Amino acid sequence: MSHVNGTAKERDYDVVVVGGGGHVGLPLAMVFADKGLRTLVYDINEETVETIRGGVVPFAEGGAEDLLAKVLATGRFHLTTDPAEIARSRNVVITIGTPVDEFSNPVLGIMRDMLEQLVPYLDNDQLIVLRSTVYPGTTEWMGRHMEDEYDLTPWLAFCPERVVQGKAIEEVQSLPQIISGTTEDAAKAAGDLFSLIVSELVFLEPTEAEFAKLFNNAWRYIQFAVANQFYMMTEAAGVDYYRVLNGMKHNYSRALGIPGAGFAAGPCLYKDTMQLSAFSNNTFSIGHAAMLVNEGMVNHVVDQIAQEYDIENLKVGLLGMAFKANIDDIRSSLSYKLKKLLEFRARKVYTTDDHVTVDPSLLPLDEVIEKSDLLILCVPHGEYRDLDTKGKPMIDIWGYVEQIMPISTVMCYDEETVAQAEAGK
């Protein structure tokens, strides 16, 4: 019997993914199983577990349905809601991160509560891997806490995911994997585990790895804020941002990284930027500025409408309610913030999104177009690329729809700009 982490204790599973029914855990678990590991998914949501066991992925993820069918057929992929099953695995990958509270401070207690629930099923022969974003210092704290409170000294590692939602299965295998451990043995064991699914490993100390993950997301969030600030400046001047952007980028490589404008949202970018702010005692001024700009894009759109239309008598249709393009996830979506603001000021607000299944108020696209006086492209879903608005005016902050932003030899969309838009940035 082979041993991924080198222990001599017999186990029934090579790896268990805790929180394995979610956006981070499930793609990783399926990839592990596809690579030949006996894999267990542990999740407290019974409905989610039964859905996956029935061969259905509970959220949109590229290639996930086919891969799920494949790994279920191998007999190596198992699911449970019983935490005692965790004890049967040599490697425990935890995909529970640190959220922020209503004051934008990290909720560190969730890690303490999670440990309290899992400790009865952990032992010193296991490798424990933290996978989701955590507050700087969490990995080292967790090691000390397990030893002080529970007399446990398992191999402990932090190996963050850095994938784009919707492309997780592809990127979890193609992107370099950052590896860190509280000891050299823990880092080596984590490296041995992830070398089974990726070809390149980058070794850091735990706090370095925690910063690397947070910096990745904060950097993207700040980049989007710069683009959104540029957009608002040009709009205020009566200038088309995308004429400026395409002119800047045309055959000029140093400008290619500047993104288009759009709603920068989702469960990670804002949250991780605020975690860095909390760590720096709220001195992360550029992070705060990015938050004000990105969150303020919604207010800018409403103000723009109020200046150009009789907003109190306006019926507005919102196209796309997910937090980014071509997925079904509405977590932290700014489309819903926009909806709330418009419901207070406009006569009527209609919403549509063929990808989203959890919002019963959504209407078919054709019906929203028919009923609305004005349309707002909130999310650049692929099906909106050649959208026929039936002559209705539309605000398109993304510069995505051809009818709103014609493609020509001068105003050319380079491949990177199109890819950013279609991936929701």
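Buried means under 20% relative accessible area, exposed over 50%, and partly exposed in between, with a 1.4 Å probe and protein chains only. By that yardstick, helix α7 (residues 184-194) has Ala186, Ala187, Ala189, Ala190, Gly191, Leu193 and Phe194 buried.

## Ground rules

This is a predicted model, where local features need pLDDT of at least 70 and side-chain atom pairs count only at pLDDT 80 or more, while totals for chains, interfaces and linings use all residues. Residues are numbered from 1 along each chain as its sequence is written, and side-chain values use heavy atoms, with hydrogens and water left out.

Helices (H or I, at least four residues) and strands (E, at least two) are DSSP runs, numbered from the N terminus.

## The eight-stranded sheet

One open sheet has eight strands in the order β3-β2-β1-β4-β5-β6-β7-β8, and its pairing is mixed. Its edge strands are β3 (77-80) and β8, each pairing on one side only. Two strands pair if DSSP finds at least two bridges between them. On average, neighbouring strands here are turned by 25° against each other, direction ignored. Axes, by the way, are lines fitted to C-alpha atoms (for helices, over the stretch in contact), and angles run from 0 to 180 degrees between N-to-C directions.

Strand β1 (residues 13-18) pairs with β4 in the parallel sense over five bridges, and valine 17 sits opposite valine 93 in β4. Further along, β6 and β7 are antiparallel partners over two bridges, with phenylalanine 158 bridged to serine 180 in β7. β7 and β8 go back to the parallel sense, over three bridges; there, isoleucine 178 faces valine 202 in β8.

## β7 and α7, under cover

How many residues of β7 are buried? Five of its five, so to speak a mostly covered strand. Both faces take part: Gln177, Ile179 and Gly181 are buried on one side, and Ile178 and Ser180 on the other.

Back to α7: what do its buried residues pack against? The list is α1 (25-34), β4 (89-94), β5 (127-130), β6 (155-158), β7 (177-181) and β8 (201-203). Contact here means heavy atoms within 4.5 Å.

## α5 and its two helix neighbours

Two packed helices are described by the angle between their axes and the distance between the axes. For α4 (residues 109-118) and α5 (residues 138-150), the axes come within 11 Å and cross at roughly 45°. α4 and α5 are therefore oblique to each other; angles under 35 degrees count as roughly parallel, over 145 as roughly antiparallel, 65 to 115 as roughly perpendicular and the rest as oblique. The crossing is right-handed, the label for a near helix turned clockwise from the far one by less than a right angle (anticlockwise would be left-handed). Met111, Arg112, Met114, Leu115 and Glu116 in α4 meet Thr138, Trp141, Met142, His145, Met146 and Tyr150 in α5. That contact has seven nonpolar, two polar and two charged residues. For these classes, Ala, Val, Leu, Ile, Met, Phe, Trp, Tyr, Cys and Pro count as nonpolar, Asp, Glu, Lys and Arg as charged, and the others, Gly among them, as polar.

With α8, the α5 axis comes within 7 Å and the crossing is roughly 135°, so α5 and α8 are oblique too. Thr138, Thr139 and Glu140 in α5 meet Pro206, Thr207 and Glu210 in α8. By class, this contact has one nonpolar, three polar and two charged residues.

## An enclosed helix: α10

Nine of the eleven residues of α10 (residues 269-279) are buried, so the helix is largely enclosed by the rest of the structure. The buried set is Leu269, Lys271, Asp272, Thr273, Met274, Gln275, Leu276, Ser277 and Ala278. Their cover includes α8 (206-236) and α11 (285-308). After α10 comes asparagine 281, with a positive phi near 55°.

## The four-stranded sheet

A second open sheet has four strands, ordered β10-β9-β11-β12, with parallel pairing. β10 (348-352) and β12 (394-395) are the edge strands, each pairing on one side only. Helix α12 (residues 334-345) packs on the sheet, touching β9 (315-319), β10 and β11, and its direction makes about 175° with that of β9.

β9 is mostly covered, with four of its five residues buried. Five bridges join β9 to β10, and valine 316 stands opposite valine 349 in β10. Two bridges link β11 (residues 374-377) to β12, where leucine 375 faces methionine 394.

## An exposed proline

Proline 360 lies in the loop between β10 and α13 (365-371). Its relative accessibility is 80%, so proline 360 counts as exposed.
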